[in-house]
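User: Hi! I have a model open and would love a hand reading it. Shall we go through it together?

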Amino acid sequence: MSEKAFGSPHLAEVVPLSKLGRATRLGKVRVDPTLLTGLVLLGLVIVVAITAPLLTPYDPIEQRFTEAFLPPFSPGHILGTDNFGRDIWSRIAFSTRLDLQIGLLSVSFPFVFGSLIGIATGYLGGTLDTILMRIVDVLMAFPFLILVIAIMSILGPGLTNLYIAVGVVGWIPYARITRGETLATRHLEYVLAARTIGCSSLRIMLRHILPNVIAPALIYVFTGMVLAILTGATLSFLGLGPQPPTPEWGAMIAEGRQYLLLAWWMTTLPGLALLVVGVALSLIGDGLAERRGG
Amino acid sequence: MGRAAYIRKRLLLMVFVLFGVTIVIFGMVRILPGDPAFLILGDRATDQKAAELREQLGLNRPVLEQYWMFVSGFARGDMGQSLLYRQPVGDLVLRRVPVSLALAAYAMGLAALITLTFGILAAINKGRWPDQLIRIGFLFALTTPNFWFGILLILLLGLTLRWFPVAGFGDTAVQHIWYLFLPALTLALQLSAVLIRNLRGQIILTLRSDYVRTAHAKGLSESLVLLRHVLRNALLSTLTIFGLQFGFLVGGAIVVETVFALPGTGQLLIQSITARDYPVVQAITVISAVLVIVVNLMVDLSYSFLDPRVTYE
Amino acid sequence: MNSLNSRWPVIGVVIAVLLVGACAPSGTQSATTQPSASSGPKVLKMARNAEPFSPFVPWQIDDNPTLFISVNVYDTLLRTTKDGVSVEPGLASKWESSADALTWTFTLRDGVKFSDGSPLKGSDVTASLDMARGGAKSAWKDNYKAIKEITAPDDKTVKIVLSQPYAPLLSVLAMFSGGILPAEMARATDTKDYDNTLAWKTKGTGAYYSEGWKKGDPIILKANPNYWKGKPAVDEVRIEYIPDDNTRVLKLQGGESDLVDFVPFSQIAALNGQSGVKAQTFTIQQSAFIILNVTKPPLNDLKVRQALNYATDKDAIIKSVYFGQAKYMNSPIPQGTYWDKNLPGYPYDLEKAKTLMSQSAGASGFKMDMQVRSGNTNFANTAVILKEAWAKLGVTVDIQTLDTAVVRTNYRAGDFMSTPTAASPFSYWTRYNNPDLNDKITKADLEQDTKKREAMYSEIQKIYLDAAPLVFISYLGATAGWRSNVDGFFIDGLSYYRFEDVKINK
């Protein structure tokens, strides 16, 4: 999974969106079926996250040993139960909150940090650019898993440390995307014009370049969120994810793995929940990309 | 800049990057909580025994000296002694590298086929059901953790249909190819999920561009336009991702190697981290870093073959 | 924009590749799945959960995967009986002790040969045991420290002189660490360039021998034609390392393995419901428990520890975590030598637990960490159950799944409050230290009268149980699964297994 967590970053980078047409801001509203479907799906997921306690009759961590391993559509347990007799629908619904939070938090800081680095190195160039790009090279050539295991071992388990571990390399795609875009825009007329009238570098970067290069990075955010949740699942596979009995999709998939031949639903259903969010976020990303392209 | 000069420059950069990798990994394994001496000797060991072992393993020497021994040894091709297995790291690691390399190459080959097939299929059917089906299907592959996906493939193709062995590596070259198929497919499907999205988008973009319209106007046949112009153009960026994925295939195949019981570097890496076997962890890290860098250099160089207009800065 | 003919070629290519991948080797598959069916050598294919890492020298072994193989290659003077409770003849066919129990004389079995054909002599035994008790690299010296001298008056006799009476002597001589090598090879094991490559070219008197092994390869054991019980029925044992639990079971179901160890408890019943495979839990001397750090308040209060014990529903854990494949732990020692079956353990009693807790230092509730080794799902599941159970006492359990090395390091440093463990007796230590109890154990080891010794051990068990440095949970078995045509596989009380008893039927 680490290969995904790293690889797809370059998705957006190698489709330099600025090539497709002049950068447009994201503000204009046009109904696009892809985007709309994605937004509706995500909206539904958010509704589930907010209303989870109302939607589920059970406490997601409450154990009932007499009701263990009930298959889906059992009376009282629409999606069945796990090895502790916990209601799987309750666990999936409650973990929606946590997973959206993981997706959001482990992506937002790298997004902000990475984008700023990318713009600065792309615009200023020189030694700063060389040094930062070499750091990127080193991190890229470094096996992701060693990095994550090391960070989690040093800092200890827990969600905050999970965000840190993912964030240490998470900023790289955003930096690469915005750097590429900045390189393409810094010789455009309006940037040159801004420079001739004596605007400071900082002002040019924030006022003129940022709005024009941020969109592709923002589009990548949606893929990044799916990958962050998946990275969490890999960490759970290694036992370093969210701590039990916290309901979390990745952890549920990893915990259910040992009962795969006994109770397929324990891994499959949280996997499907992840798929729904993945589809929603991808559709939104695609929709935004198409609008810019169109 | 000519190609030769470009390669020289990249090789020089590679030395710097590798230098950085050695510093990071050397520092990192030593910050990790856990004393190799106690981990090797077991929980019953006395402090004195552990101290003796540390002395014997050279863990008592100054950090800078240890780092110098690591780097200078590596430069000479000597990767040191494994703390846990008490044998040369080279013996342990080098016979596993081909397994991981073969898995990565196999997965990339399968991924190339799958990506080309379904990427083109999706692009030329943009918006219609084959396109939607492919996109949703590969989203499934993208959002599925591969430890789960691997088991599903074993259940279906290994146990039920009996087309492939369940797990292991086999003894002969032919068996290796056969045994590696399912793990390679597990990785390939996930890699393709990333690549197909890119290729599809690129083809759609290229099809819209002026020169494709010109080609059509000149009356060239559909497949010829697709193959000669569109694909070649679209592949440029897909290839970049492809190269970048390589490192993640080698390093990230750890989980797949565990599920399919392949004797690759991934399994050894996990064991060595747990045992704090510094020299082995360092060796595997540096080797996979070299591979990542070399493959990416090759990818960059291949651009000029795909598109003669590409120059190197 | 699209046309049919532009699509088909590519699909054709992919389908062709998939078929080539699928078909080319399917011819070889039938050959590999039934290798033992024909008249060729009988090969037993085993899948194991772990790979050896210790040097393959009996007294240098410190991991289970290596010692399991060692007992098949290197015989010991005595063997433990299958139930693990007493000893039976091994390389020594009979033995006697002097009246003061200080001198023991062992008579070697007639006609025993090493796998290379050379005869076993008394000097081989003395050389090997001298390395085990005094060799620089021996990991088990402590077990032999009561021994003053070992001599071989002739080729058939070995004499062991003790410095003081030592009741466990016979059990110690049956341990894997007392495996016998040819004298020359035994002495070579302490030399500087004696490495694992040399060690795996074995020369033992056991049922099997190895011609060499490299980490990452399958381990090949070949039947010893000179074995003193006669050449074993299985000609070759091929041991593959398959770390993933599910994968091992799937290999068994698919017929790629004849025998697998560490079958997950959850799958024993399911496997027995299928045709062609069998699975079983064997009784071994191992228990599962939670170690409490008795130096950390409020765990230094006996009542807190007892309350935690009473608040633990062992049956729920046995059912939910171990799928009924474990037994209630009534004493610190598992079923086997000295086990007192009459001790009560701590039966689940929440009311009693609450009362005890309310009278203790933890009356107002407290928070404690439980450090779980990552990757061990049984420990993690136990922790999840205890978190909910102990919350009823006002105890907040903070489950911390950590890298195994971190758990071990914290454990050693005393930087923990509780951690789940599974171990055989006397192979772990806690921070509980009772000089009076230590004294009693030393005395019991010196006691020669079996009845008296048993009584002393009963008292020791009771003191330890009452002190509750652990949360006593269950006795754990060892699991294995095999194809129905495999016969005679057995894991004994010390969790050893011997391939010499295994047969493959047609």
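User: Which residue does Ile150(C) stand opposite in strand 7 of chain C?
Analyst: Ile150(C) faces Ile160(C) there. Keep in mind that this is a predicted model.

User: Thanks! In which sense do strand 6 and strand 7 of chain C pair, and over how many bridges?
Analyst: They pair in the antiparallel sense, over 5 bridges. Strand 6 of chain C covers residues 147–154, and strand 7 of chain C covers residues 157–162.

User: And how many residues sit between them in the hairpin?
Analyst: The hairpin formed by strand 6 and strand 7 of chain C has 2 residues between the strands.

User: New topic. Is helix 10 of chain C mostly covered or uncovered?
Analyst: Mostly covered: helix 10 of chain C runs over residues 302–310, and 7 of its 9 residues are buried.

User: Which ones are buried in helix 10 of chain C?
Analyst: The buried residues are Val304(C), Arg305(C), Gln306(C), Ala307(C), Leu308(C), Asn309(C) and Tyr310(C).

User: Nice. What covers the buried residues of that helix?
Analyst: The cover for helix 10 of chain C includes two strands, strand 13 (287–292) and strand 18 (470–476), along with helix 12 (350–358) and helix 13 (377–391), each from chain C.

User: Zooming out, how many helices and strands does chain C have?
Analyst: Chain C has 16 helices and 21 strands. Of its 506 residues, 50% count as buried.

User: What box do the C-alpha atoms of chain C fill?
Analyst: Roughly 85 × 80 × 45 Å, taken along the principal axes.

User: And what about contacts in chain C between residues at least 6 apart in sequence: what share join residues at least 24 apart?
Analyst: For chain C that share is 70%.

How values were computed
Residues are numbered from 1 along each chain as its sequence is written. Chains are lettered from A and ligands numbered from 1 in the order in which they are written. This is a predicted model: local features need pLDDT of at least 70, side-chain atom pairs count only at pLDDT 80 or more; totals for chains, interfaces and linings use all residues. Two strands pair if DSSP finds at least two bridges between them. Helices (H or I, at least four residues) and strands (E, at least two) are DSSP runs, numbered from the N terminus. A residue is buried if 20 or more other C-beta atoms lie within 10 Å of its own, exposed if 12 or fewer, and partly exposed in between; C-beta atoms are placed from the backbone. Two residues are in contact if their C-beta atoms, placed from the backbone, lie within 7 Å.
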